[in-house]
Amino acid sequence: MKFSYPGIIERYWDYLPVSDKTPIISLNEGSTPLIKSVYLSVKYGCELYFKFEGLNPTGSFKDRGMTLAISKAKEAGAKAVMCASTGNTSASAAAYARRGRMRCIVVIPDGKIALGKLAQAMMHGAEVLAIAGNFDDALDVVKYITSNYEIVLVNSINPFRIEGQKTGAFEICDWLGDAPDFLFIPVGNAGNITSYWKGFKEYKEKNISEALPKMMGWQAEGSAPIVRGRVIENPETIATAIRIGNPARWKEAEAAAKDSGGKIDMVSDEKIIQAYKIRALNEGIFCEPASAASVAGLIKEADENPEMLKGKQIVCILTGHGLKDPDIAIANSPEIISVKKDYDQIKKALNL
Ligand code: AN7
């Protein structure tokens, strides 16, 4: 008897590089909902859905790629895996590695990782190295160690990560009956936009879907190497998940935007926070700041170019859960009101 949807490897077996020899290391990831927008869709006159990837087992889209990367590492006999991370990759790698009885080493930029993500990596028993430097430095370290020792790299340079993550595109087509007109997605290391584009193309090649979406990728202004056309030495943004100055999948992201007739653009931290709040307050969906980059991008396009999105079917990928970064949430909310059990005081505080 099946108690829930199986994970993405079992659901999309025929589309993935797996065989009977592959041990499936899964937490029943994927099958995340497409939630209909109730506010922005009305405001901008479009058919907008949020794909809430924050509802994956470790709270981000990384689980789709990680189930496959860890399963394939196990199949190859690996005893240890390693990744650099702005947080979510490390949380996911740690959980899946532990489930597969493997050692997990993560390298994170010191002080620039959201609290919830750090808690996950630690709780799942990862060995956490905090490096004085940014994500790009951390990735250099991981590349060096994994090319000199018997340790498997599970960053999105690993092709199995891309293969797993492309199933997000399959799910969208399966639910909508075809690909949407536009896909809005945040861009950091550019693995996810690469994966979605691959997924959409594969479904079309196999005649499962007919359309291809315009791929609209969004970086933060202080960490926008692709938009600016140069490596950013000291990337900065409040959305720490996408604080990346030299994306590993740079060329693929550019190709996705160009080939689909979309684009890679950027939004300010101020607009990211604005979108972060709009979505929480008006749509009831709590995602981390990086996931608000795609929503901020949507708002920017809709304001600058209202006709482009009107009447269109749009999917916005919400990559990580809001609980990942409680500090940013609290810093951007009104202060809580402390009261005594005194009804006059309470009525006054509530304007009753
Ligand atoms: C919530 O965890 O790079 O463009 O090391 O956590 O595929 O890199 C996270 C990236 C968007 C960007 N939203 O995706 C990491 C890491 C969230 C993220 C991205 C990330 P990519």
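Two strands count as paired if DSSP finds at least two bridges between them, and strands (E, at least two residues) and helices (H or I, at least four) are DSSP runs numbered from the N terminus. This is a predicted model, where local features need pLDDT of at least 70, side-chain atom pairs count only at pLDDT 80 or more, and totals for chains, interfaces and linings use all residues. Residues are numbered from 1 along each chain as its sequence is written, and side-chain values use heavy atoms, with hydrogens and water left out.

**View 1. An open, mixed sheet of 6 strands.** Reading across, the order is 1-2-10-7-8-9. Strand 1 (34-36) and strand 9 (263-267) sit at the edges with a single partner strand each, so one side of each has no neighbour in the sheet. From one strand to the next, the twist averages 25° (angles run from 0 to 180 degrees between N-to-C directions, and axes are lines fitted to C-alpha atoms, for helices over the stretch in contact). Strand 1 and strand 2 (residues 47-52) are antiparallel and share 3 bridges; here lysine 36 faces tyrosine 49 of strand 2. Helix 11 (residues 250-260) packs on this sheet, touching strand 8 (214-220) and strand 9, and its direction makes about 140° with that of strand 8. Contact means heavy atoms within 4.5 Å.

**View 2. An open sheet of 4 strands with parallel pairing.** The order this time is 5-4-3-6, and strand 5 (127-131) and strand 6 (152-153) are the edge strands, pairing on one side only. Strand 3 (residues 80-84) runs parallel to strand 4 (residues 103-109), joined by 5 bridges. Look for cysteine 83 opposite valine 106 in strand 4. Helix 6 (residues 135-148) packs on the sheet and touches strands 3, 4, 5 and 6, with its direction at about 155° to that of strand 3.

**View 3. Helix 8 (residues 167-176) packed with helix 9 (residues 191-205).** The axes are 7 Å apart at an angle of about 50°, so the two helices are oblique to each other (angles under 35 degrees count as roughly parallel, over 145 as roughly antiparallel, 65 to 115 as roughly perpendicular and the rest as oblique). Residues that meet include Phe170 and Ile172 in helix 8 and Tyr196 and Phe200 in helix 9.

**View 4. Where domain 1 (8-60 + 160-331) meets domain 2 (62-157).** Domain bounds come from an automatic or database domain assignment. The C-alpha centres of the two domains lie 22 Å apart, and 52 residues of domain 1 are in contact with 38 residues of domain 2.
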